Amino acid sequence: MDDYLPISMLNQLEYCARRFYLMHVCGEMEVNAHVLEGSLRHQQAHSAGAEREGDVLSHRRVYLWSERLGVAGFADVVEERVVDGRRVLIPIEYKKGRMGRWLNDHIQLCAQAMCLMERSDADVPKGYVFYFGSRRREEVHFTPELQARTLQAIQRARQLIAQGKLPPPLEHYAKCRDCSLEPICLPREMRKLSETAV
Ligand code: SF4
């Protein structure tokens, strides 16, 4: 499974191709207070195991993979229930902040769902992203469009890895402001350098 793509990296890619490349290919990771808080919350909330509440069985920290897609990773929680005689699985991903304006969390969740679809005969119609920052649970439907978008992200990740070239910084500095890799990436400085080089 060495060349399986970590599902969490699809989230990075959808946010910014340069961030994906820096993390996945170059192995860069800036552990600032926000990153540390996020991983501590995950550790506290999700040691592996399962518990039942009523007719819902919740599996925590579930390892998922897809041979068809070549991706693998963990789901924070997968809820299991029976609806009209059919087994239904619902992946849930926990995020530190608030709901963003980008689709990156949806893509990550959808890749988890596509693994579940491949590995079980259950229905996987929707999932949730829970944002600690706003205490909000956002419902995400795994529509054919979102699945197609997720496939595109996987293909793009493979292209970027094969090209072996660090993508340029974003022009979208709103994203850079919230990016933990900003001190490593230096988007403004790199842009200035490329402008003066022309
Ligand atoms: S600082 Fe901006 S360009 Fe650089 S990796 Fe982060 S989001 Fe991408």
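Before I start, one definition: a residue counts as buried here if 20 or more other C-beta atoms lie within 10 Å of its own. What covers a buried residue is then a matter of contact, and two residues are in contact if their C-beta atoms lie within 7 Å. Please also keep in mind that this is a predicted model.

I will begin with helix α2, residues 17-25. Its buried residues are R18, R19, F20, Y21, L22 and M23. What covers them? The cover includes α1, which is residues 7-15, α5, which is residues 144-163, and α7.

Take α1 from that group. The axes of α1 and α2 come within 5 Å, and they cross at roughly 140°. On the α1 side the residues that meet α2 are M9, Q12, L13 and Y15, and on the α2 side they are A17, R19, F20, M23 and H24. By class, this contact has 6 nonpolar residues, 2 polar and 1 charged. A general point helps when you look at such a list: an α-helix has 3.6 residues a turn, so residues three or four places apart point the same way. Just after α2, G27 has a positive phi of about 70°.

Now the ligand. There are 13 residues around the ligand, and C16, R19, C176, C179 and C185 come nearest. Two or more residues of this shell come from each of α2, α6 (173-177) and α7 (182-185). Which element gives the most? That is α2, with 3 residues. Sorted by class, the shell has 9 nonpolar residues, 4 charged and no polar ones. Note that R19 has turned up three times: R19 is buried, R19 takes part in the contact with α1, and R19 is among the residues that come nearest the ligand.

Last, the strands. Strand β5, residues 86-95, runs parallel to strand β6, residues 126-131, and 4 bridges join them. One of the pairs is K95 with Y131 of β6. Together with helix α4, residues 104-119, β5 and β6 make a right-handed β-α-β unit.

On to β7, residues 136-141, which pairs with β6 in the antiparallel sense over 6 bridges. Here Y131 appears again, with R136 of β7 as its bridge partner. So that you can find the turn: β6 and β7 form a hairpin with 4 residues between them, and R135 in that turn has a positive phi of about 50°. As a general reminder for viewing, in a regular strand the side chains alternate between the two faces of the sheet.

Note on methods. Residues numbered from 1 in each chain as written. Predicted model: local features only at pLDDT ≥ 70, side-chain atom pairs only at ≥ 80, totals over all residues. Near = placed C-beta within 6 Å. Nonpolar A, V, L, I, M, F, W, Y, C, P; charged D, E, K, R; others polar. Buried ≥ 20, exposed ≤ 12 C-beta atoms within 10 Å, placed from the backbone. Pairing = 2+ DSSP bridges. Right-handed = clockwise from strand over helix to strand, strands pointing away. Axes fitted to C-alpha atoms, helices over the stretch in contact; angles between N-to-C directions.
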